[in-house]
Amino acid sequence: MSGDHADASISRRVRRLETLLEEKGIVPGGAVDEVLDAFLAGASPVNGARVVARAWTDESYRARLLADGTAAVQELGYMDGSYQRLRVVENTDALHNVVVCTLCSCYPLALLGPSPGWYKSEAYRSRVVREPRSVLAEFGLHLPPSTDITVWDSSAETRYLVLPRRPEGTESLTEDELAALVTRNALIGTAAV
Ligand code: FE
């Protein structure tokens, strides 16, 4: 796939740049790996779930999140210094959102952790655009015909996060308990909470 070729080419260039920086003494050997490891260790769907739980329990945070996703997640310490823009899209009774990257595999890694294999698959990337209702049904998410579906195509600059609907009967749960209900797939839009 072209995405894999692009990734391999970028990997080579990054490795070359890393070697040059180390040879010139600009960064100590291994420093880049340490930063990347720390980033990946912190990248988890738990982060996205915390953002959602905050939005469910704090109406003004929810409004800020929908108005400017990047700034709102940075309030909670995520995507600091990121050059990417985050757009948060909210599910309602009438509208369900689902995220894809048709070109390759762009994904809000900091909020969701490493992407699942199916997200990068040719089948998901091509089919979810053409027949989202069928694809979601295959994930076990059967939406009523009255619910419209919007498919958001990610890019290098713009990433998307789905704000799922808060389940009924969760009024007494704490923010942490709510966060524990939110799955990675719910944040992509291939599951409900
Ligand atoms: Fe991509």
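Cysteine 106 is buried, at a relative accessible area of 11%. Buried here means under 20% relative accessible area, exposed means over 50%, and partly exposed lies in between (1.4 Å probe, protein chains only). Serine 105, the residue before in numbering, is partly exposed at 23%. This is a predicted model, in which local features need pLDDT of at least 70 and side-chain atom pairs count only at pLDDT 80 or more, while totals for chains, interfaces and linings use all residues. Residues are numbered from 1 along each chain as its sequence is written, and side-chain values use heavy atoms, with hydrogens and water left out.

Cysteine 106 and serine 105 both belong to the iron site. The iron ion is coordinated by Cys101 (SG), Cys104 (SG), Ser105 (N), Cys106 (N) and Cys106 (SG). The distances run from 2.2 to 2.7 Å. Cys106 thus appears with both its N and its SG atom. Donors are N, O and S atoms within 2.8 Å of the metal (3.2 Å for Na, K and Ca); water is not among the atoms, so sites may look incomplete. In sequence, the donor residues follow the spacing C-x2-C-S-C.

Now step back to the whole chain. It has 11 helices and four strands. These are DSSP runs, numbered from the N terminus: helices are H or I with at least four residues, strands are E with at least two. The C-alpha atoms fill a box of roughly 60 × 35 × 25 Å along the principal axes. Of the 193 residues, 38% count as buried. Contact means heavy atoms within 4.5 Å. Among contacts between residues at least 6 apart in sequence, 67% join residues at least 24 apart.

The strands come next. Strand β2 covers residues 95-100, and five of its six residues are buried. β2 pairs with strand β3 (residues 148-153) in the parallel sense, over six bridges. Two strands pair if DSSP finds at least two bridges between them. Within this pairing, valine 98 stands opposite valine 151 in β3.

Strand β1 (residues 85-90) and β4 also run parallel, joined by six bridges. Here arginine 87 stands opposite tyrosine 160 in β4. Six of the six residues of β4 are buried, so this strand is largely enclosed by the rest of the structure. In a regular strand the side chains alternate between the two faces of the sheet. In β4, Thr158, Tyr160 and Val162 point one way. Arg159, Leu161 and Leu163 point the other way.

Arginine 159 deserves a closer look. Arginine 159 lies in β4, residues 158-163. What is the nearest side chain of opposite charge to this buried arginine? It is glutamate 157, 7.8 Å away, and arginine 159 has no salt bridge. In this count Lys and Arg are positive and Asp and Glu negative; His and the chain ends are not counted. A salt bridge is a side-chain nitrogen of Lys or Arg within 4 Å of a carboxyl oxygen of Asp or Glu. A polar atom of the arginine 159 side chain does lie 2.9 Å from the backbone oxygen of tyrosine 107. Leaving aside neighbours within four places in sequence, arginine 159 is in contact with Gln84, Arg85, Leu86, Arg87, Cys106, Tyr107 and Pro108. That list includes Cys106, one of the iron donors.

Other arginines do form salt bridges. Side chains of opposite charge can pair when their charged atoms come close. How many salt bridges does a search of the whole structure find? It finds seven. One of them joins arginine 54 to glutamate 175, with the closest N and O atoms 2.8 Å apart. Arginine 54 lies in helix α3 (residues 45-57) and glutamate 175 in helix α10 (residues 175-179), so the pair ties together parts 121 residues apart in sequence. Arginine 54 is partly exposed at 28%, and glutamate 175 is partly exposed at 29%.

Arginine 62 takes part in two bridges. Its side chain meets that of glutamate 59 at 2.7 Å, N to O. Arginine 62 and glutamate 59 are three residues apart in helix α4 (residues 59-67), separated by about one helical turn. Glutamate 59 is exposed at 52%, whereas arginine 62 is partly exposed at 23%. Arginine 62 also meets glutamate 90 in a salt bridge, again 2.7 Å, N to O. Glutamate 90 lies in β1, so this pair ties together parts 28 residues apart in sequence. Salt bridges that share partners join Glu59, Arg62 and Glu90 into one network.

Key:
Polar contact = N/O pair within 3.5 Å; in protein donor to acceptor, adjacent residues only side chain to side chain.
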